[in-house]
Amino acid sequence: MSASVAASASARAEGGKPRGANYARHYWAFAAPAAAVVGAVIVFPWLFTLFMSVHDWKVTGTVSYVGLANYTHLFTDDRFQWAVLRTLYFTLFATLAPVVLGVIAAVCFAQKFPLRGLARTIFILPMMATPVAVSLVWTMMFHPQLGVLNYILTSIGLPPATWVYQANTVIPTLVMVETWQWTPLVMLIVLGGLASLPTDPYEAAVLDGANPWQTFRHITLPLLWPFILVAAVLRLIDALKAFDTIYVITGGGPGTSSETINILLYQTAFAYYDLGYGSAMVVVFFVLILLISMILLRVRTSR
Amino acid sequence: MSGAAAGARMQAAEGRARRYRMRRLAGRIGFGFAVLMLISPALLFFLWTLSLAFKNEVDNMAFPPVFIPSPPTLSNFIDVFEKNDFLTYTINSVIVSFGATGLALLFGVPAGYGIAKSKATKAAVLILIARVTPGLSFLVPLFLIFQWLGLVGTLTPLVITHLVITVPIVVWVMIGFFEGLPNELEEAALVDGATIWQAFRHVALPLARPGITVAMILSFIFSWNNFIFGVVLAGRETRTLPVAVYNVLTFEQVSWGPLAAAALVVTAPVLLLTLLMQKEIVAGLTAGGVKGG
């Protein structure tokens with residue numbers, strides 16, 4: 001591999017300009033069909049959303065230009081503002097818990113042990129399984145009288161929990177489901193990071209007589225930091241966007257106590273068919289996601 | 001005298017070795033326990049799903065719960081297919097997921113090659129932004145357009161919107177894969193007078209087969225699992241499986257056995273694929289942290 005890299009480097013040196021440069025223009029042709037598809041199903045909808053967001057646009061057919069009225073409405077809309085706060089509350093914990101557990105899991109799965117492949121596969125099943133299907137099973141498990149979770153709680157002497165049936169426990173419960181589902185993604189990314197770590201610092205640590213915790217705290221963690229951050233940003237974005245599990249398990253309820261931005265957005269656009277207002281919500285939501293992920297990436301580069 | 005001292009030393013050494021072995025054993029037991037704790041939420045969840053799906057209705061509603069179906073029954077599965085027309089929905093899901101994955105490979109594999117070769121990082125950023133965008137934000141405008149075109153209620157809008165998920169996954173995986181391939185073979189082909197299309201078709205593409213497999217599996221799984229596009233765009237006859245299983249919850253009187261059986265039918269292909277292809281899936285997910293929706 002390194003020999004071939006050296007060979008190609010010398011070939012480039014002899015040829016003066018790198019050979020690829022002559023063709024770079026032509027390689028665009030390979031991306032053209034995909035670019036057309038991306039333009040049609042991704043970029044065009046973005047632009048069209050912007051266009052719709054400055055209109056009063058009902059599915060029934062009435063369309064009129066209203067300027068920024070949809071946006072100003074958002075800033076006085078209590079329901080939307082509560083949805084934003086709820087989304088942030090959910091996102092904070094649905095990011096922290098999977099990241100912490102995912103790093104611990106990655107460190108475990110980086111060791112060699114019997115049946116590791118099987119254990120790892122079982123561990124990643126929650127993120128591969130169809131979200132709607134697992135949400136339905138969770139719903140049955142949360143049942144206050146007949147659910148298996150309350151049976152387990154009471155049989156070890158704890159009081160039964162209200163799970164998704166009470167306003168103050170619904171979001172922690174949804175965070176639990178999200179953590180169960182997405183800790184594996186963090187684990188996989190961090191595991192990839194662990195596999196790429198250099199071995200020299202570890203040899204030095206062994207020579208210096210460092211114990212496993214010191215090695216982890218002062219060598220592994222700093223080296224893993226970029227991977228943990230990437231995993232955290234991805235997790236954060238996905239938590240902000242969480243839809244399937246919340247929609248299926250609670251539909252935003254009880255009342256509106258688990259109504260996140262995405263759920264409210266769905267209601268606005270596809271239950272009330274208020275597409276203009278929904279589009280304005282999409283734009284604000286999108287800006288919020290970009291802002292939060294950029295702040296996190298800034299943190300990364302400043303370290 | 002010296003023999004006794006040597007004996008004592010040996011005994012001490014043996015004691016140390018035994019203590020060391022004991023400590024290592026304790027460490028191993030502790031570690032095994034930690035691994036068990038990590039996998040048990042997933043393991044118990046899916047075992048409980050199996051239990052619900054294979055029990056009769058009386059056992060499913062029993063309290064305290066019955067854990068092991070005795071005897072296991074297939075009636076829940078029969079119920080799902082007879083009462084809910086799951087066969088149609090399965091066919092819909094197969095058409096949509098295979099269609100969206102096939103088209104994504106057709107467009108995305110050459111695109112990944114082009115982007116990797118011309119080192120167009122800006123194009124890669126666009127793919128990342130698509131990854132960040134909530135699925136709902138594509139749906140509002142696309143829903144309107146499909147309505148104008150009179151396509152709502154057919155499978156076409158579903159295949160097209162699923163491209164939103166599958167194309168970025170394929171392009172993302174393929175960029176990484178083509179970047180990792182050595183250049184020499186294609187350069188040799190170009191020197192011998194091949195066009196860049198021929199170099200791609202006959203040299204790079206055969207080498208990229210493992211990457212294409214990874215891209216295909218991931219794109220298929222995330223298309224199969226998608227719920228939100230179907231719930232908005234599908235009509236009665238064009239529901240995909242995730243939408244159909246959700247409707248079992250809302251419109252039937254809730255009975256747990258059929259519900260769990262339906263959930264299992266929907267997710268079984270994906271779980272089987274994960275068990276069989278775990279190496280490819282882990283490789284793909286680790287590389288890009290790709291996820292659809």
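The legends below accompany close-up views of a predicted model, in which local features need pLDDT of at least 70, side-chain atom pairs count only at pLDDT 80 or more, and totals for chains, interfaces and linings use all residues. Residues are numbered from 1 along each chain as its sequence is written, chains are lettered from A in the order in which they are written, and side-chain values use heavy atoms, with hydrogens and water left out.

**View 1. The interface of chain A and chain B.** The contact (heavy atoms within 4.5 Å) draws on 85 residues of chain A and 89 residues of chain B. Together the two chains bury about 8,200 Å², of which 82% is on carbon and sulfur atoms; buried area is the accessible area, taken with a 1.4 Å probe, that two parts lose on being put together, summed over both. On the side of chain A, the residues that lose the most area to chain B are A:F30, A:M128 and A:M140, which together make up 10% of what that side buries.

**View 2. Polar and charged groups across the interface.** Between chain A and chain B there are eight residue pairs in polar contact, both residues at pLDDT 80 or more; such a contact is a pair of N or O atoms within 3.5 Å, where, within protein, one must be able to donate a hydrogen and the other to accept it, and residues adjacent in sequence count only if both atoms are side-chain atoms. The rule finds zero salt bridges across this interface, a salt bridge being a side-chain nitrogen of Lys or Arg within 4 Å of a carboxyl oxygen of Asp or Glu. Helix α2 (residues 19-53) of chain A supplies the largest share of the side of chain A that touches chain B, namely 20 residues.

**View 3. The surroundings of B:N225.** This residue lies in helix α10 (residues 209-225) of chain B, helices being DSSP runs of H or I with at least four residues, numbered from the N terminus. With a relative accessible area of 4%, B:N225 is buried (under 20%, with a 1.4 Å probe and protein chains only). Leaving aside residues up to four places away in sequence, B:N225 touches A:M128, A:A129, A:T130, A:P131, A:D244, B:P242 and B:V270.

**View 4. Confidence at the start of chain A.** Over residues 1-21 of chain A, pLDDT (the predictor's confidence in each residue, from 0 to 100) stays under 50, and the model has seven contacts beyond four places in sequence for them. Where pLDDT is low, the predicted coordinates should not be read in detail.

Technical notes. Helices (H or I, at least four residues) and strands (E, at least two) are DSSP runs, numbered from the N terminus. Buried means under 20% relative accessible area, exposed over 50%, partly exposed in between (1.4 Å probe, protein chains only).
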